[in-house]
Amino acid sequence: MYDWPTVDWTELQRARAERTGALMDSLGLDHLLVTSFDNIRYVTGYRTLIIAEAFDWFAAIASRDGDFEMFVPWVDEVGKEPDPDLPGLRAVHPLPSWTPAIPHAAYWTQALRRVLNERRARRVGYEMLYAELLGPLMEAVPEVEFVPVTTALHDLRMRKDPLELTLLEAASKVNSMAANAAMKSAEAGMTDHDVLAVAMASLQAAGVEYLSHSVCNLRRGSGTWFAVGNEFREGDPFFFDIGCYGPGGYASDMARTGFIGEPPPKVQEVYRQLLAVHRMGEALARPGVRASAVHEAINAELRARNLPVTPYATGHGLGLRACELPTIHRSDR
């Protein structure tokens, strides 16, 4: 098990709640209705199950004062026992189990309506609600004004609290350890699945909360994201991309290029140049500098070295998602 940093979780949630409350005040909101796993955790501290299709299994209704009620698919009746680790949790409500929301939109509408009415909500910020659910919900509670806040929440989360930075750094160290283990293990005769298994085993042994993705591209084109059982041969280059959520749900996402055996001298020289350009981009990334300016400077330097420009963003933000704002990309994107 990795020696994760000691974090005052109460203080972390207090800091996030303070910033969320300031946002609600600025928009004149008395409640938030959040449904994405990352915003639920940011606003309330509650951890939902994270799997690929769980983006419409949960909801939370939170007040300006920080108390909240959860809607989850793993209970069959309302529970009002407080959680000592989540003093703001007032109740947990049942949703239809392990199923998309919209086939059960009528149930969702009535469950949310009941709690909004009990709380006398009047101006509610919402994010990530399907039109098929938002429309009926607005009809069910005509006295409530619904205000979209998805972009505002993403903007809010761009700026990290020092405790968040500590958790992000730890997750990236653990992910880097997994990447190094995978590259060191790779040898002729192994498959792309074998190399990913080493990385995933390293992450699990370190004690991460969740493995978010695992990509190994061996002799395949750009955009082919899944391992297919290709076997490594001497001299092969390979690309892999792995990610995890560490304690507290803070993410790491990284890509690496490995080689079976010693890379040719020409490849080594190109990588030395690429690394130098990367370090230049790191040095440019400072407060007050636009993300697009960093991206454009990196591509300008690549052109100056007669190297191809990067085909997409040179980087992106991290947080309670593996990919969140900002994106380091062209100014028009």
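A cavity is a set of grid points where a 1.4 Å probe fits but cannot get out, and its lining residues have an atom within 4 Å of a point. The model shown in every view is predicted.

**View 1. The second largest cavity holds about 40 Å³ of space.** Its lining consists of Trp57, Pro73, Leu95, Pro96, Trp98, Thr99, Pro100, Ala101, His104 and Trp108. Eight of these lining residues are nonpolar and two are polar. No charged residue takes part in the lining of this second largest cavity. The structure holds three cavities of 30 Å³ or more.

**View 2. The largest cavity encloses about 50 Å³.** Thr35, Phe55, Asp56, Ala101, Trp108, Met128, Leu129, Tyr130 and Leu133 surround the space as its lining. By class, the lining counts seven nonpolar residues, one polar and one charged. Ala101 and Trp108 belong to this lining, and Ala101 and Trp108 also line the second largest cavity.

**View 3. Six strands make an open sheet with mixed pairing.** The strand order is E4-E3-E2-E1-E5-E6. Strand E4 (89–94) and strand E6 (145–148) are the edges, each paired on one side only. From one strand to the next, the twist averages 20 degrees. Strands of a sheet pair through backbone hydrogen bonds, either parallel or antiparallel. Both senses appear around E1: E1 pairs with E2 in the antiparallel sense and with E5 in the parallel sense.

**View 4. Strand E1 (residues 31–34) pairs with E2 and with E5.** Four bridges link E1 to strand E2 (residues 59–63). Here His31 has Ser63 as its bridge partner, and Leu32 stands opposite Ala62. Three bridges link E1 to strand E5 (residues 123–126). On this E5 side, His31 stands opposite Val124. Which residues of E1 are buried on its two faces? His31 and Leu33 are buried on one side, and Leu32 and Val34 are buried on the other. Both faces of E1 are thus covered.

**View 5. Leu116 sits in helix H3 (residues 105–118).** Is Leu116 buried or exposed? Leu116 counts as buried because its relative accessibility is 1%, and the cut-off for buried is under 20%. Setting aside neighbours within four places in sequence, Leu116 contacts Ile61, Ala121, Val124, Leu137, Val141 and Phe146. Among these contacts, Val124 is the residue of E5 that stands opposite His31. Phe239 is elsewhere: Leu116 and Phe239 are 49 Å apart in space, C-alpha to C-alpha. In sequence, Leu116 and Phe239 are 123 residues apart.

**View 6. The second largest pocket contains about 710 Å³ of space.** Thirty residues line this pocket; the closest to its centre are Gln13, Thr44, Gly45, Asp85 and Leu86. Which helices and strand each supply at least two residues of the lining? These are helix H1 (9–27), helix H2 (37–44) and E2. H1 gives the most, with 10 residues. The lining divides by class into 11 nonpolar, 10 polar and nine charged residues.

**View 7. Three strands form an open antiparallel sheet.** The order is E7-E8-E9. Strand E7 (210–217) and strand E9 (251–259) are its edge strands, and each pairs on one side only. Neighbouring strands of this sheet are turned against each other by 10 degrees on average, direction ignored. How many bridges join E7 and strand E8 (residues 237–245)? Seven bridges join them, in the antiparallel sense. Asn217 has Phe239 as its bridge partner in E8.

**View 8. His278 lies in helix H8 (residues 265–284).** His278 has a relative accessible area of 44%. It is therefore partly exposed, since that class falls between 20% and 50%. Thr314 is shown with His278: the two are 36 residues apart in sequence. In space, the C-alpha to C-alpha distance between His278 and Thr314 is 9.1 Å.

Conventions
Residues numbered from 1 in each chain as written. Predicted model: local features only at pLDDT ≥ 70, side-chain atom pairs only at ≥ 80, totals over all residues. Heavy atoms only, no water. Pairing = 2+ DSSP bridges. Axes fitted to C-alpha atoms, helices over the stretch in contact; angles between N-to-C directions. 1 Å grid on protein atoms, 1.4 Å probe; cavity = no way out; pocket = protein on both sides within 12 Å on 5 of 7 lines; lining within 4 Å. Points joined across faces, edges and corners; volume = space filled by probe spheres on them. Nonpolar A, V, L, I, M, F, W, Y, C, P; charged D, E, K, R; others polar. Buried < 20%, exposed > 50% of the residue type's maximum accessible area, 1.4 Å probe, protein only. Contact = heavy atoms within 4.5 Å.
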